[in-house]
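Here are my notes on the model you sent over. They go chain by chain, starting with the contacts.

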Amino acid sequence: MPITYDSVHFVYAAGSPFESAALNGISLVIEPGSFVALVGRTGSGKSTMAQLLNALLVPTSGEVVVDEFVNSADKKKRSRKLKGLRKKVGLVFQFPEYQLFLDTVEKDVAYGPKNFGASREEALEKAHQAILEVGLDASFFERSPFALSGGEKRKVAIAGILAMEPDVLVLDEPTAGLDPEASREALALFRKINAKGTTIILVSHDMDLVLEAATRLIVLENGKVVKDGDPSSLFEVDLTSYALEEPKVFRFVDLLKKNGLELSPSNIRDVESLAKAIKEAKQ
Amino acid sequence: MKALEVKGLSFSYSGDDSEVVHDLSFSIEEGEYVSLIGHNGSGKSTLAKLVSGLLGFSYRGEISVFGTVLDKKSVRAARRDIGLVFQNPDNQFVGSTVEEDIAFGLENREVPREKMQAIIDEYSEEVGMRDFLKKSPEGLSGGQKQRVAIAGVLAMEPRLLILDEATSMLDPSGKSEILSLIHRLKDKNASLSILSITHDVEEAAKSDRVIVLNAGRKMMEGTPKEVFARSEELASIHLDAPFAYRLASALRAEGIEVPSDIVDEESLARWICR
């Protein structure tokens with residue numbers, strides 16, 4: 001089942017002097033199994049969209065539908081048990097390692113499944129699977145999460161969400177603060193999870209990452225969708241007007257154009273594909 | 001004059017046998033902008049704390065700041081020459097407004113009130129935050145908070161500025177705000193020495209000299225050009241080279257022999273289109 005946003009408006013502190021509209025009529029459908037990037041400046045509505053998805057927020061008007069769950073402004077339509085939605089949609093917040101709190105890695109990761117009614121054994125088994133899946137080995141099970149490196153802690157935090165076996169994974173700036181190798185590993189992990197059928201919604205400022213990873217790109221501005229399409233269509237967009245950086249490979253394609261070599265951006269995603277395109281153009 | 005000199009430094013946290021920093025020697029000349037790069041866990045941040053005397057003196061080797069060897073007695077005076085900016089903009093905001101935050105260090109030094117306002121005005125102007133003096137931190141972006149932190153540090157007139165991953169938690173626009181501020185400061189004050197601890201190689205490429213740290217040891221040292229030309233060695237310790245270097249090696253892998261002296265994007269584009 002797809003995810004549907006139907007004429008969604010969201011206003012923070014509605015009716016108070018601090019009232020501010022975060023979403024101004026979002027309507028879109030996200031197909032299951034897709035890898036979608038949500039981008040836009042700080043305050044454009046990205047995080048609000050993500051939080052509506054697992055009912056941390058309720059729309060001011062309109063509705064968000066995920067499978068049988070309806071998160072609607074209309075109380076009569078709204079599903080009663082939205083807790084199930086939290087299991088279906090896993091939200092990985094920015095710097096999730098700050099939320100680790102138990103004394104061993106396995107206990108921390110097992111916390112989610114236990115909370116959703118799994119027995120102790122079941123929860124531990126799911127935790128072990130998730131820890132292995134993010135690329136940590138069994139020696140990590142009983143270590144303290146606080147003695148790990150930044151990259152390892154991030155993996156533990158992501159494992160904590162994966163252990164709940166969500167159908168949709170929402171990642172808010174998942175590679176911020178990681179070194180290049182850890183970022184690449186994280187990206188490979190997200191691709192692997194996506195390849196198994198999990199829908200991924202990536203919220204990021206890192207346009208290089210977005211271009212490399214996502215199959216669909218949604219640009220938000222003032223709570224509205226202003227662009228929606230294939231990431232390579234980014235090339236035609238003046239990203240700086242949305243406070244976004246141009247991906248480095250596209251910046252270089254522009255530079256080549258100024259020097260008289262025109263490349264089609266459609267297959268260029270990373271340094272390797274850019275090098276191939278240059279080679280072909282020169283032959 | 002050397003702003004910082006580190007000789008044969010080895011350190012391990014108490015209760016732990018493994019050395020986080022191992023037999024490390026390097027120095028920074030006055031007025032030099034040096035980047036120290038390394039992956040997560042390479043010992044970079046420990047080093048920043050050691051040279052500012054924050055981890056005590058139970059290390060082997062010697063650290064000198066502007067010619068003074070650090071020890072229990074000298075550290076207070078030496079710390080006056082050092083300004084430290086940390087990674088997390090939220091953890092270092094101590095005032096309830098921008099103005100109070102910048103004033104914090106000055107109050108500790110018992111700067112008289114009438115002088116203080118002039119200093120606050122000057123440095124908030126310098127970092128482009130003068131219009132925000134009465135604002136509380138909640139309404140500021142990460143980049144703005146980090147600029148306030150830098151203003152607070154600059155107000156103490158340090159001769160050596162140490163940036164410990166100061167941009168790593170910021171979004172791209174916050175990052176470029178800070179980087180252009182650093183370059184502006186350097187242009188204005190040629191004798192300001194900077195040690196920037198970072199894993200942002202694009203930033204390091206713009207400094208005077210780069211030191212690469214791996215597992216607490218110095219692995220390379222040189223100009224950005226010298227260091228980033230060794231991209232395979234960098235990759236072996238989980239570091240990327242800047243974009244132009246990465247593209248040049250991807251082109252070589254495709255059989256296009258890019259000359260090794262081409263290290264910036266402009267000249268690489270011109271060479272490709274020649």
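1. This is a predicted model, so read everything below with that in mind. Starting with chain B: take the contacts between residues at least 6 apart in sequence, and 63% of them join residues at least 24 apart.

2. How does the radius of gyration of chain B sit against the globule rule? Chain B has 11 helices and 10 strands. Its radius of gyration comes out at 20 Å, close to the 19 Å that the rule gives for 274 residues, so chain B is as compact as a globular protein of that length.

3. Two further numbers for chain B. The C-alpha trace spans about 65 × 45 × 35 Å along its principal axes. Of the 274 residues, 44% are buried, where buried means 20 or more other C-beta atoms within 10 Å of the residue's own.

4. Over to chain A and its six-stranded sheet. This sheet is open, with mixed pairing, and its strand order is β6-β7-β8-β3-β9-β10. β6 (89–92) and β10 (224–229) of chain A are at the edges with a single partner strand each, so each has one side without a neighbour in the sheet. From one strand to the next, the twist averages 20 degrees.

5. Looking at one edge of that sheet: β9 (residues 216–221) of chain A pairs with β10(A) in the antiparallel sense, over five bridges. If you want a register check, A:L217 is opposite A:G229 in β10(A).

6. Which helices pack on this sheet or lie across its strands? Helix α1 (residues 46–53) of chain A packs on the sheet and touches β3 (35–39), β6, β7 (168–172), β8 (199–203) and β9 of chain A. The direction of α1 makes about 150 degrees with that of β7(A). Helix α6 (residues 180–195) of chain A lies across β3, β7 and β8 of chain A, and runs at about 150 degrees to β8(A).

7. Chain A also has a four-stranded open sheet, ordered β2-β1-β4-β5, with antiparallel pairing. Its edge strands are β2 (20–30) and β5 (69–72) of chain A, each pairing on one side only. Neighbouring strands here are turned by 20 degrees against each other on average, direction ignored.

8. Within the four-stranded sheet, how many bridges join β1 to β2(A)? Eight: strand β1 (residues 3–12) of chain A and β2(A) run antiparallel. For the register, look at A:Y12, which stands opposite A:S20 in β2(A).

Definitions and conventions. Residues numbered from 1 in each chain as written. Chains lettered and ligands numbered in written order. Predicted model: local features only at pLDDT ≥ 70, side-chain atom pairs only at ≥ 80, totals over all residues. Pairing = 2+ DSSP bridges. Helix = DSSP H or I, 4+ residues; strand = E, 2+ residues; numbered from the N terminus. Axes fitted to C-alpha atoms, helices over the stretch in contact; angles between N-to-C directions. Contact = placed C-beta atoms within 7 Å. Rg over C-alpha atoms; globule rule 2.2 N^0.38 Å. Buried ≥ 20, exposed ≤ 12 C-beta atoms within 10 Å, placed from the backbone.
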